[in-house]
Amino acid sequence: LQVSKPFTQYRNIVFAPHSYTHFFTFGDWPPTYRLSLDSAWFEANLMGAAVLVTEYGGSASSPDKVGNITNQLDSHRGTSGTMWTWKENGNWGLFDSPLEPSAPNGPLKNVRLQIHSRIYARAVAGGILEDSFDQFSGAFRLRADAGVGWKQPTEVYVPAHLGAGEPTVSGMAKL
């Protein structure tokens, strides 16, 4: 057991857990990826900190597990995270084995590009009501309430490989 509480007067501190749910945990514990990040944010709030998941990852043959982790990062206040790659040409890496021995990396694993290269809101006018991204379809949805008279723009990042479709907006929003 640990007792989490404020331990410093410094502001802007970060709680930095590792999230390998269902890779290095016993059986099916914790039962959901949501619980992993709910717990991290619970602890961070007790300490007066933000959350940066400093390691998460998994096998390229388990895109559903890694994809669930990245979706939970999005749905938990847009929590940032850094993916761990192990022996780059291995199954946890971003790249396949090099095609020629002198090359530092082989071709990029498309499933990694699909999971980790995401559409997200960089800056939002007003408050976020809904924010979701489906790494398998590339669908992104953002609902925000800017209020009357708000002049600042909302900025959404779209990776080049996902930018082929035409974005749409509704309500009082303008593209």
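Reader: What makes β2 (residues 18-19) a partner of β3?
Author: Strands pair if DSSP finds at least two bridges between them. Between β2 and β3 there are 2 bridges, and the strands run parallel. The cut-off is met, so they pair. Across this pairing, S19 stands opposite Y56 of β3.

Reader: What kind of model is this?
Author: It is a predicted model, where local features need pLDDT of at least 70 and side-chain atom pairs count only at pLDDT 80 or more, while totals for chains, interfaces and linings use all residues. Residues are numbered from 1 along each chain as its sequence is written, and side-chain values use heavy atoms, without hydrogens and water.

Reader: How many helices and strands are there?
Author: The protein chain has 3 helices and 8 strands. These are DSSP runs numbered from the N terminus: helices are H or I with at least four residues, strands are E with at least two. From the N terminus the order is β-β-α-β-α-β-α-β-β-β-β.

Reader: Which way do β1 and β3 pair, parallel or antiparallel?
Author: Parallel, over 2 bridges. Strand β1 covers residues 14-15. Its F15 has V51 of β3 as bridge partner.

Reader: How do you know that β3 and β4 pair?
Author: DSSP bridges again. There are 3 between β3 and β4 (residues 80-83), in the parallel sense. One contact point to look for is Y56 opposite M83. The chain gets from β3 to β4 through α2, in a right-handed β-α-β crossover. Right-handed is used because, with the strands pointing away from the viewer, the path from the first strand over the helix to the second runs clockwise.

Reader: Why is the link between E155 and R122 called a salt bridge?
Author: The term needs a side-chain nitrogen of Lys or Arg within 4 Å of a carboxyl oxygen of Asp or Glu. For E155 and R122 the N to O distance is 3.1 Å, so the pair qualifies. E155 sits in β8 (residues 155-157) and R122 in β5 (residues 120-123), 33 residues apart. The whole structure holds 4 salt bridges.

Reader: Why do E155 and R122 count as partly exposed?
Author: Buried means under 20% relative accessible area, exposed over 50%, and partly exposed in between (1.4 Å probe, protein chains only). E155 has 39%. R122 has 47%. Both values fall in between, so both residues are partly exposed.

Reader: What makes E130, R141 and R143 a network?
Author: Salt bridges link the three residues. E130 meets R141 with the closest N and O atoms 2.9 Å apart. That pair joins β6 (residues 127-133) to β7 (residues 140-145), 11 residues apart. E130 also bridges to R143, at 3.6 Å. Here again β6 is linked to β7, with the residues 13 apart. Their relative accessibilities are 25% for E130, 44% for R141 and 38% for R143. Each of the three is partly exposed.

Reader: What is odd about E55?
Author: E55 is buried, yet it has no salt bridge. The nearest side chain of opposite charge, R112, is 13 Å away. For that search Lys and Arg are positive, Asp and Glu negative, and His and the chain ends are not counted. E55 lies in β3. Its contacts (heavy atoms within 4.5 Å) include H18, Y20 and W84, setting aside residues up to four places away in sequence.

Reader: What makes up the largest nonpolar core?
Author: It has 15 residues. A nonpolar core is a set of buried Ala, Val, Leu, Ile, Met, Phe, Trp, Tyr and Cys residues joined through side-chain atoms within 4.5 Å. Those with the most contacts inside this core are L37, A49, V51, V53, Y56 and L73. Two or more residues each come from α1 (33-47), β3 (50-56) and α2 (63-75). Helix α1 gives the most, with 6. Take V53: beyond its neighbours within four places in sequence, its contacts include L37 and L73.

Reader: Why does N12 stand out?
Author: Most residues other than glycine have a negative phi. N12 is not a glycine, yet its phi is positive, about 60°. N12 lies in the segment before β1. With a relative accessible area of 73%, N12 is exposed.
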